[in-house]
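Q: I am new to this structure and would like a close look at a single part of it. Please take one helix and describe its faces, its surroundings and the sheet that goes with it.

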Amino acid sequence: MNEVELRLPPDVAYVGIARLVVTAAARRHGLDDARAEDLKIAVSEATTNAILAHQRVEEEQPIVLAFGPEAGQFQVLIRDTGPGFEPPPPDDPDTRDWTQEGGLGVTVIRGLADEVMFVRERGTCVDMKFSVELDNHDGASDGNGSPDGDGSPAGSAFPRGDSSG
């Protein structure tokens with residue numbers, strides 16, 4: 001179930017907003033820092049591809065991102081209404097021509113997400129899933145404003161507590 005939906009104009013100026021909002025939600029649901037970095041890159045690639053698909057055909061409809069926890073994973077759907085594309089099959093790193101620019105976004109997304117599907121609808125929907133360790137990361141507060149019980153943000157290197165010293 002995707003609990004949040006974000007609609008963005010098809011302008012690359014909004015890629016950073018997409019990346020920040022999705023990553024913040026994923027961290028709130030327990031995605032650790034290393035996996036959050038993977039998610040950031042994958043969201044940036046997929047959002048940029050969606051925006052470019054709209055710009056190629058002068059489509060002004062928004063890019064839609066839907067995201068949230070799903071059965072031990074954090075799921076991100078990125079939909080465009082561009083002309084769609086047929087994603088290339090996964091590359092064989094031994095035979096891929098690495099000197100060619102472009103076309104690496106799909107390869108990067110496949111390498112970073114735990115699961116990914118490219119669905120052609122009216123446009124393309126990229127469905128990415130990242131595994132999440134759910135213990136103590138359900139987003140519930142401990143009453144001190146943090147899920148860890150020490151009043152610090154989840155995963156903080158600076159736990160709150162004794163401030164004397």
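A: What follows is a close look at helix α1 and at the sheet beside it. The model is a predicted one, and the description is to be read with that in mind.

Helix α1 covers residues 15-28, and its length can be checked against expectation: at 1.5 Å a residue, its 14 residues should span 20 Å, and the C-alpha atoms at its ends are indeed 20 Å apart, which agrees. The buried residues of this helix are V15, A18, V22, T23, A25 and A26, and they sit on the same side of α1, because the arc that they cover around the axis is only 160 degrees. A general property of helices helps in reading such a pattern: an α-helix has 3.6 residues a turn, so residues three or four places apart point the same way. On the other side of α1, by contrast, L20 and R28 are exposed. Following the helix comes G30, a residue whose phi is positive, near 100 degrees.

The buried residues of α1 have several packing partners, namely the strands β1 (4-8), β2 (63-70) and β3 (73-79), together with the helix α2 (33-56). With respect to the strands, α1 lies across β1, β2 and β3, and its direction runs at about 10 degrees to that of β2. Another helix, α3 (residues 104-112), also packs on the sheet, where it touches β4 and β5 (123-131) and makes an angle of about 135 degrees with the direction of β4.

The sheet itself is open and is formed by 5 strands, which follow one another in the order β1-β2-β3-β5-β4 with antiparallel pairing. Because β1 and β4 (115-121) each have a single partner strand, they stand at the edges, and one side of each is left without a neighbour in the sheet. From one strand to the next, the twist averages 15 degrees.

Both edge strands can be followed to their partners. At one edge, β1 pairs with β2 in the antiparallel sense over 5 bridges, and within this region R7 is found opposite V64 of β2. At the other edge, β4 and β5 run antiparallel and are joined by 7 bridges, with V119 standing opposite C125 of β5; these two strands form a hairpin in which 1 residue lies between them.

Taken together, α1 has a buried side, which packs against β1, β2, β3 and α2, and another side on which L20 and R28 are exposed.

Technical notes. Residues are numbered from 1 along each chain as its sequence is written. This is a predicted model: local features need pLDDT of at least 70, side-chain atom pairs count only at pLDDT 80 or more; totals for chains, interfaces and linings use all residues. Side-chain values use heavy atoms; hydrogens and water are left out. Helices (H or I, at least four residues) and strands (E, at least two) are DSSP runs, numbered from the N terminus. The expected span of a helix is 1.5 Å times one less than its number of residues. Buried means under 20% relative accessible area, exposed over 50%, partly exposed in between (1.4 Å probe, protein chains only). The arc is that of the directions from the helix axis to the C-beta atoms. Contact means heavy atoms within 4.5 Å. Two strands pair if DSSP finds at least two bridges between them. Axes are lines fitted to C-alpha atoms, for helices over the stretch in contact, and angles run from 0 to 180 degrees between N-to-C directions.
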